[in-house]
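Please open the structure in your viewer and keep the sequence panel visible. The stops below are given in the order in which to select them.

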Amino acid sequence: MITVWIDDQPIAAEENEPLAAVLLRVEPYTSRMTPLSGAPRAPYCMMGVCFECLVEIDGMASSRGCMAQAREGMNIQRQVRRPDPLTEYGQ
């Protein structure tokens, strides 16, 4: 077992477990809020197609949680707003 941090809380996970699976075990069981209505969204397809699992991983916004594997000390934040591409992607 390893420890990842979700919204600044330590969470036990299996090494290389998909982050989306970890998110589904931790209340509020969501990964993000929609940018327009603020509705909660959760991992759905678990294979990188639907983009419902977007989270911030180690400071990188809009990362697919289902495609990222848990590793010791990762910092995951649920997305509550739309990232600004001009400031958050280094352009």
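The tour goes from the whole chain to the sheet, then to the core and two single residues.

**Whole chain**

Start with everything shown as a cartoon. This is a predicted model. The protein has 2 helices and 7 strands, and their order along the sequence is β-β-α-β-β-β-β-β-α. Of the 91 residues, 37% are buried. Switch on the surface: its accessible area is about 5500 Å², and carbon and sulfur atoms hold 54% of that. Among contacts with a separation of 6 or more, 41% link residues 24 or more positions apart.

**The sheet**

Select β2, β1, β7, β5 and β6, in that order. These 5 strands make an open sheet with mixed pairing. Which strands stand at the edges? They are β2 and β6 (residues 60–64); each has a single partner strand, so one side of each lacks a neighbour in the sheet. From one strand to the next the twist averages 40 degrees.

**Strand β1 and its partners**

Narrow the selection to residues 2–6, strand β1, and show side chains. In a regular strand the side chains alternate between the two faces of the sheet. Here Ile 2, Val 4 and Ile 6 point to one face and are buried, whereas Thr 3 and Trp 5 point to the other face and are not buried.

Add residues 9–13, strand β2. The two strands are antiparallel and pair over 5 bridges. Look across from Trp 5 to find Pro 10 in β2. The hairpin has 2 residues between its strands, and Asp 7 there has a positive phi near 50 degrees.

Now add residues 75–78, strand β7. It runs parallel to β1, and 2 bridges join the pair. Ile 6 has Ile 76 of β7 as its bridge partner.

**The other end of the sheet**

Move to β5 and β6. Their pairing is antiparallel, with 3 bridges. Centre on Val 55 and look for Ser 63, which stands opposite in β6.

**The largest nonpolar core**

Select Val 4, Ile 6, Leu 19 and Ile 76 and show them as spheres. Of the 15 residues in the largest nonpolar core, these touch the most other members. Two or more core residues come from each of β1, β2, α1 (residues 19–23) and β5 (residues 54–57).

Centre on Ile 76 and show what surrounds it. Beyond residues up to four places away in sequence, Ile 76 touches Val 4, Trp 5, Ile 6 and Asp 7, then Leu 19 and Leu 23, then Val 55 and Glu 56.

**Ala 20**

Next select Ala 20 in helix α1. Ala 20 counts as buried because its relative accessibility is 0%. Leaving out residues up to four places away in sequence, Ala 20 touches Pro 43, Met 46, Cys 53, Gly 65 and Cys 66. Draw a distance from the C-alpha of Ala 20 to that of Ala 68: the separation is 8.0 Å, although the two are 48 residues apart along the chain.

**Glu 52**

Finish in the loop between β4 (residues 40–41) and β5, where Glu 52 lies. Is Glu 52 buried or exposed? Its relative accessibility is 14%, and the limit for buried is under 20%, so Glu 52 counts as buried. The Glu 52 side chain has a polar contact with the side chain of Arg 41 at 2.8 Å. Outside its neighbours within four places in sequence, Glu 52 is in contact with residues including Ser 31, Arg 32 and Tyr 44.

Note on methods:
Residues are numbered from 1 along each chain as its sequence is written. This is a predicted model: local features need pLDDT of at least 70, side-chain atom pairs count only at pLDDT 80 or more; totals for chains, interfaces and linings use all residues. Side-chain values use heavy atoms; hydrogens and water are left out. Buried means under 20% relative accessible area, exposed over 50%, partly exposed in between (1.4 Å probe, protein chains only). Helices (H or I, at least four residues) and strands (E, at least two) are DSSP runs, numbered from the N terminus. Two strands pair if DSSP finds at least two bridges between them. Contact means heavy atoms within 4.5 Å. Accessible areas come from the Shrake-Rupley method with a 1.4 Å probe; for residues, only the protein chains shown count as cover. A nonpolar core is a set of buried Ala, Val, Leu, Ile, Met, Phe, Trp, Tyr and Cys residues joined through side-chain atoms within 4.5 Å. Axes are lines fitted to C-alpha atoms, for helices over the stretch in contact, and angles run from 0 to 180 degrees between N-to-C directions. A polar contact is a pair of N or O atoms within 3.5 Å; within protein, one must be able to donate a hydrogen and the other to accept it, and residues adjacent in sequence count only if both atoms are side-chain atoms.
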